[in-house]
Amino acid sequence: MSTRESILAAVLKNQPPASPLPDLSFLKGNRPDIVSTYQAVFTSIGGSVFVVDDLAAVNARLLENFDSTKRLVTTLPDLGEPFEVLSKTADPRTFNDVELAVIEAQLAVAENGAVWLPEQRMGQRIIPYICQHLAVVVRAETIVPTLHEAYAQIGVGDYGFGAFIGGPSKTADIEQALVMGAHGPITMSVFILTTN
Amino acid sequence: MEKATKDHAALAEAFNQDEEHVNWHDGALWWIRQKRDIAAKNIPEWEQLRETASRIKSNVLSNLHDYLLEFEANLTKNGVTVHWAADAEEHNRIVYSILKAKEITQMIKSKSMLTEECHLNEYLIERGIDVINSDLGEYIQQLDNEPPSHIVLPCIHKRKEEIGEIFHEHLGTEKGVSDPTTLTRFARWHLRDAFISRRAALTGVNFAVAETGEYVVCTNEGNADMGAHLSDIQIASMGIEKIIPKKEHLGVFLRLLARSATGQPITIYSSHFKKPRPGQEMHLVLVDLGRSRQLGRPDFRDSLKCIKCGACMNTCPVYRKSGGLSYHNTISGPIGAILAPNLDMKRHADLPFASTLCGSCSNVCPVKINIHDQLYQWRQVIVQEGYAANTKVLGMKAMAWTLSSPGSYSTIGRAGRWVLNNIPFAVNNKFNPWYKQREMPDGPKESFGEWYAKNQGDNGSEKV
């Protein structure tokens, strides 16, 4: 008998009688102040939130804070100069010098501050991790109360990789002292777009 | 690596030599427990969430066979190669053969308690493959040649000065530098090179969704993603109990996991891996390593519900004051003490006794495992199977004899009170294990039995 068959046989023999799945319908968020909740939670995690009207405002705000002589990449052609629209086919290692990446989330979750990024929105899977700083555009109407509404919208999903990202990379492994920028971005900014 | 020659009590005693350090450790973990409480109280339906999570896991255990088949079929459909391993040796052999086929000699690994259980690093290093642990805490533990002492906070038992010294010795940082930000930045740049240059990456798995064949890996550092997305060969190792039925169940577990672990609303990264990127190979190893046996133990099978948040460790008064390494098992603390005897009852016979049975672990467990009941039940199994320490067996026999004989009970009680009151030095010395870290009380003048006899009349009415 192969290992696979022997494990499956042992599991079948030892598993207890059927126990039904619980009902999840009671799990839903109810937050009328969804944008302000999102802002408060994401700020408490160590991120920055800006509410803006359009991508031009995103561009202007970012150029105030970042050096345009460094490599700034985006998946959003409408963000304009000097942002480089990133290649979806380049070797992922070649993004190691990216200072700032700007991408757009599919949705965000008010209760925990996380944004949902299927790989199509990342441009390349490595982008939101390898950059020194991350900025994510979130349309206000895509913010949902909790993860339950988020997963209902995501469904099975047409992606090979997707992630919730809820703040700058962090560690507290040394004496529980919080340090931002363990391996991934040192800062994360979210731009909430209030109009189309 | 594991110090199996000494038992929990002896290792805890060594940990307790430095009182200031123990107090710090105790306080640091209690602070995390308090953060967990604040996070939990922010969710009005927290208790219903725990109950729901526990019931989802009950369903998983009752239908694991079919879920494993469903998961495997979906993985295959997604282009992931599936492997099955009965034990640590087989798991390690599979990982090695994947690397060898590609002539890879360097791998980067994010946190995976399963590969710690399997001693994968030692196995690969013996065969000429260099492995770097990329989680900062695990990286520090690897440099110091020690296993992790906590499943979420691998080096929580170390002070920053010790870590500074390790960095100085192994990485050449300046002597005396112990600032956490400086040390973290140094590790960031050092490991960045490893991420960029290594062709193979291995991750653990937090949740594996049978319905879609995707698996979720949770980190705060982003180290699992840095490794995986820069690799040509991506390997994930998971215990078979990590399956959940449907994607919607992730909403329940991800709301509980980080809040229970560290008080965060969610880990910074919750990565959903489904298909390899173009040109990449993905492998997943399903490991039994005692899980199917534990599934067949009705009193203990619920231990397989564990989502590895570490809340039971942070709250445990014994863990906080004895340190994770004193459990001489990869998974330490209360949950480790109910998982370990299944793997090797003789070797881990001491662990279910390393508890006060206060029940705090069960009260914070996000999937409502009855941890303290199982600790109590393991004690009975261990004594019945003849694995209890001799002193415990003798003590229990003496106690059974005393309690079953009213005459000897009263005589021994009188003798004990006389000793405490007249020659306290006979018990207040190092030969009495109860005297360690404790003051013995003054003996009462009389026992309740004696008081009762004096104060009650023959007919039971109170004397005035």
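Begin with the contacts within chain B of this predicted model: among those between residues at least 6 apart in sequence, 71% join residues at least 24 apart. With chain B still selected, colour by secondary structure; 21 helices and 10 strands should appear. The C-alpha trace of chain B extends over about 90 × 55 × 45 Å along its principal axes. Of its 464 residues, 49% count as buried.

**Helix α18 of chain B**

Select residues 371-384 of chain B, which form helix α18. Its 14 residues should span 20 Å at 1.5 Å a residue, and the end C-alpha atoms are 20 Å apart, so expectation and model agree. Next, display the side chains of B:Ile371, B:His372, B:Gln374, B:Leu375, B:Trp378 and B:Ile382, the buried residues of α18(B). Turn the view to look down the helix axis: these buried residues fall within an arc of 150°, and therefore line one face of the helix.

What covers that buried side? Add α14 (311-315), α16 (333-343) and α17 (360-364) of chain B, which are included in the cover over the buried residues of α18(B). On the face turned away from the buried side, select B:Gln380 and B:Gln384, both exposed. Then step just past α18(B) to B:Gly386, where phi is positive, at about 85°.

**The boundary between the chains**

Now show both chains and select the residues in contact across them: 58 residues of chain A meet 66 residues of chain B. On the chain A side, the elements that each supply at least two residues are α1, α5 (127-130), α6 (147-154), β9 (161-165) and β10 (170-171). Which of these gives the most? Helix α1(A) does, with nine residues. Colouring this side of chain A by residue class gives 32 nonpolar, 19 polar and seven charged residues.

Keep α1 of chain A (residues 3-14) in view and add α4 of chain B (residues 64-77); the two helices pack at an angle of about 145°, with their axes 8 Å apart. For the contact itself, select A:Leu8, A:Val11 and A:Leu12 on α1(A), together with B:Leu64, B:His65 and B:Leu68 on α4(B). By class, this contact comprises five nonpolar residues, one polar residue and no charged residues.

**An annotated stretch of chain A**

Finally, select residues 93-192 of chain A, listed by UniProt in an unreviewed entry as "domain: LUD". Over this stretch the chain is 16% helix and 38% strand. A distance drawn between its end C-alpha atoms reads 30 Å.

Methods:
Residues are numbered from 1 along each chain as its sequence is written. Chains are lettered from A and ligands numbered from 1 in the order in which they are written. This is a predicted model: local features need pLDDT of at least 70, side-chain atom pairs count only at pLDDT 80 or more; totals for chains, interfaces and linings use all residues. Axes are lines fitted to C-alpha atoms, for helices over the stretch in contact, and angles run from 0 to 180 degrees between N-to-C directions. Helices (H or I, at least four residues) and strands (E, at least two) are DSSP runs, numbered from the N terminus. Two residues are in contact if their C-beta atoms, placed from the backbone, lie within 7 Å. Ala, Val, Leu, Ile, Met, Phe, Trp, Tyr, Cys and Pro count as nonpolar, Asp, Glu, Lys and Arg as charged, and the others, Gly among them, as polar. UniProt positions are given in the numbering used here, feature names are shortened, and annotations may be inferred rather than shown by experiment. The expected span of a helix is 1.5 Å times one less than its number of residues. A residue is buried if 20 or more other C-beta atoms lie within 10 Å of its own, exposed if 12 or fewer, and partly exposed in between; C-beta atoms are placed from the backbone. The arc is that of the directions from the helix axis to the C-beta atoms.
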